[in-house]
Amino acid sequence: MTGQLAINGGVPVRSKPFPTISDVSGRWLGEEEKRLLMEVIDSGALNRNGGSKVELLENNWAEMMGVPYAQAVTSGTAALHTAVAALNLEPGDEVITTTITDMGTAIGILSCNLVPTFADVDPRTGNITAETIARQISPKTRAIIVVHLFGQAADLDPILALARRHNLKIIEDAAQAHMAQYKGHFVGTLGDLGCFSYQQSKQMTTGDGGMVITSDEQLAIRARLFADKAWPRGLPNLPRSHLFLGMNYRMTELQGAVGLAQAAKLAAIVARRRQTAGLLRRLVSEIPGLIPPYIIDGADPAWWIFSFTLDQSMLRVTPQQFVTAIKAEGLPFWLGYIPNPLFEYDVIRERKTFGSSGIPWTLPQARQGISYDRRHYPGTMQLINETLVTNWNEGMSEADAHDIARGLAKVAEYYAR
Ligand SMILES: Cc1ncc(COP(=O)(O)O)c(C=O)c1O
C-alpha cells in the first residue's frame with residue numbers, strides 16, 4: 001500500500017541518518033589504525049625515507065594485487081600524474097580518457113603537457129568502451145586512461161586488444177574500484193599501470209593517499225623516481241642528482257600506518273559492500289519501474305557508488321522529481337554523479353592551465369582544432385540526466401538496504417502509470 005509521500009507531508013520512510021563515508025559510521029577505522037599510528041609517532045620517523053610503514057604498505061599492496069611493483073603517493077591524483085609521467089610522452093601527444101570521472105583523472109594528463117581527448121561512456125555503466133575509444137584515436141594518441149567507475153570494471157578485454165593494435169599504453173584508474181574484479185583479475189593489474197586513491201570516500205582510506213602499481217620494471221623505476229623528485233636514493237655511491245623533472249609525492253609514515261591497517265581489512269570491507277549492495281540490487285530489481293545497476297559479464301564490482309535508473313515507460317515522473325521525492329523519504333541519493341561532462345569544467349573549457357598560454361592545446365606540435373561538445377556524447381548526457389546515485393560504504397547493513405528499498409518502492413508505486 002502506498003503511504004503518503006514525505007514531499008506531500010507524509011512520514012518519511014527513514015528518519016535516522018544512514019552510515020556515511022564522511023565519518024566513522026561508514027568507515028572501519030579503529031584500534032589497529034591507532035596502534036600503528038602510535039608506533040610511528042613513538043618512533044619519531046614520520047617520513048617514508050627512514051620509516052618502514054609506507055614500504056610495508058607498498059609490499060603488501062603489491063602482494064595483494066599480485067604484481068611486482070607498487071609505489072605509494074599522496075593522492076589518487078598524484079598516482080595518475082605519476083603513472084602518466086612514467087610513460088614519458090612528448091608534449092602535444094594525446095591521451096584518451098572518459099567524460100565521467102573526477103578531475104584527478106585528467107590533471108596528470110594536463111600537467112604533462114598532453115592533450116586529453118574524451119571517449120563517450122556506456123550509459124548503463126558509466127564506463128568507456130572499445131567502440132567509444134576507437135572513435136577518438138588519432139595519429140597523436142599514445143595512451144588511454146580507463147576509469148573503473150562506481151567500483152565496476154570497464155570491459156577491458158576489447159580495450160586491451162584495441163590498445164595493442166594501435167600501440168597505445170593503458171593506465172587503469174582504479175581510484176573507485178579497490179579489489180574490483182574483471183574475469184578473475186583485480187582491476188589495476190591488466191593495463192601497463194594501475195592507480196588507486198585512498199581519499200576519505202574510497203573503499204580503504206588514509207584521509208588522502210594513493211598507489212601506483214605495475215608489472216613493468218622500467219615503468220616502476222620511473223614512477224618511483226618521479227614521486228621523489230627523480231632523486232636516485234637507492235644508489236649510494238652516486239653523487240646526489242635529480243635525473244629529470246619529478247615531484248615530491250611521498251606518502252608520510254602517518255598515512256602509511258593507517259593504510260597498513262586499512263589494507264589488512266580491505267577484503268572484508270569489499271565483501272561487506274558486495275553483500276549489502278548486492279542485496280539492494282536484488283530488491284531494486286523487484287520494484288516495478290526501477291532498473292537496477294547493470295553489471296557487465298565477468299565483472300565483480302567493489303561498490304563505491306550504488307546507482308539505478310527509472311523505466312520511464314512505467315513511471316510518470318522525471319528523474320529529478322524522483323530524487324526530490326526519495327530525498328524527502330530520508331534516502332541520500334542525487335542525480336548524475338557529476339553535473340557536467342569533465343570537459344565543461346573551467347580548467348578544460350577555458351584552457352586555464354599555464355597562465356594564458358592555453359598549453360597544451362596551443363602547443364605547435366599538438367593537433368590543432370581539438371574541441372569538446374556535449375552533443376557528441378549521448379551516453380554521457382544520458383548518464384548525467386538519468387542515473388540516480390548514492391555513495392556506498394561498509395557501514396551499510398542489510399536493514400539499511402531494506403529501508404532504502406522500501407523508500408524507493410513507496411515513491412515508485414506512487415508514480416506508477
Ligand atoms: C576515478 C577517480 N580518479 C581519480 C581520483 C582522484 O583521487 P584523489 O581525490 O585521491 O586525488 C578520484 C577521486 O576522487 C576518482 O574517483
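Two strands are taken to pair if DSSP finds at least two bridges between them. With that criterion in hand, this report on a predicted model turns to one sheet, then to the ligand and its surroundings, and finally to the largest pocket.

**The open sheet**

In β16, the residue that serves as bridge partner of Trp334 is Val389. Strands β15 and β16, the latter covering residues 388-391, pair in the antiparallel sense over two bridges, and two is also the number that the pairing criterion requires at the least. These two strands belong to an open sheet of four strands, arranged in the order β12-β14-β16-β15 with antiparallel pairing. At the edges of this sheet stand β12 (290-291) and β15 (334-335), each of which pairs on one side only. In general, the strands of a sheet pair through backbone hydrogen bonds, in either a parallel or an antiparallel manner.

**The ligand and its shell**

Around the ligand there are 14 residues, and those that come nearest are Gly76, Thr77, Asp173, Ser197 and Lys202. By class, the shell around the ligand divides into three nonpolar, eight polar and three charged residues. Helix α3, which spans residues 76-87, gives the most to this shell, with three residues. Oxygen atoms of the ligand lie at short listed distances from polar atoms of the protein, as the table sets out for three residues.

| Residue | Polar atom of the residue | Distance to an oxygen atom of the ligand |
|---|---|---|
| Gly76 | backbone | 2.7 Å |
| Gln176 | side chain | 2.8 Å |
| Lys202 | side chain | 2.9 Å |

Taken alone, the ligand exposes 380 Å², and the protein buries 91% of that area. Gly76 thus appears among the residues that come nearest to the ligand, and a polar backbone atom of Gly76 is 2.7 Å from a ligand oxygen; Lys202 is likewise among the nearest residues, but here the polar atom, 2.9 Å from a ligand oxygen, belongs to the side chain.

**The largest pocket**

The largest pocket holds about 610 Å³ of space. Its lining comprises 28 residues, of which Arg48, Gln71, Ala220, Arg224 and Leu225 lie nearest the centre of the pocket. Two or more residues of the lining come from each of the elements α2 (53-65), β1 (69-73), β11 (210-214) and α7 (217-226), and the largest share, six residues, is that of α7. When the lining of the largest pocket is sorted by class, 14 residues are nonpolar, six are polar and eight are charged.

Terms used
Residues numbered from 1 in each chain as written. Predicted model: local features only at pLDDT ≥ 70, side-chain atom pairs only at ≥ 80, totals over all residues. Heavy atoms only, no water. Near = heavy atom within 4 Å. Polar contact = N/O pair within 3.5 Å; in protein donor to acceptor, adjacent residues only side chain to side chain. Areas by Shrake-Rupley, 256 points an atom, 1.4 Å probe, with all protein chains shown as cover. Nonpolar A, V, L, I, M, F, W, Y, C, P; charged D, E, K, R; others polar. 1 Å grid on protein atoms, 1.4 Å probe; cavity = no way out; pocket = protein on both sides within 12 Å on 5 of 7 lines; lining within 4 Å. Points joined across faces, edges and corners; volume = space filled by probe spheres on them.
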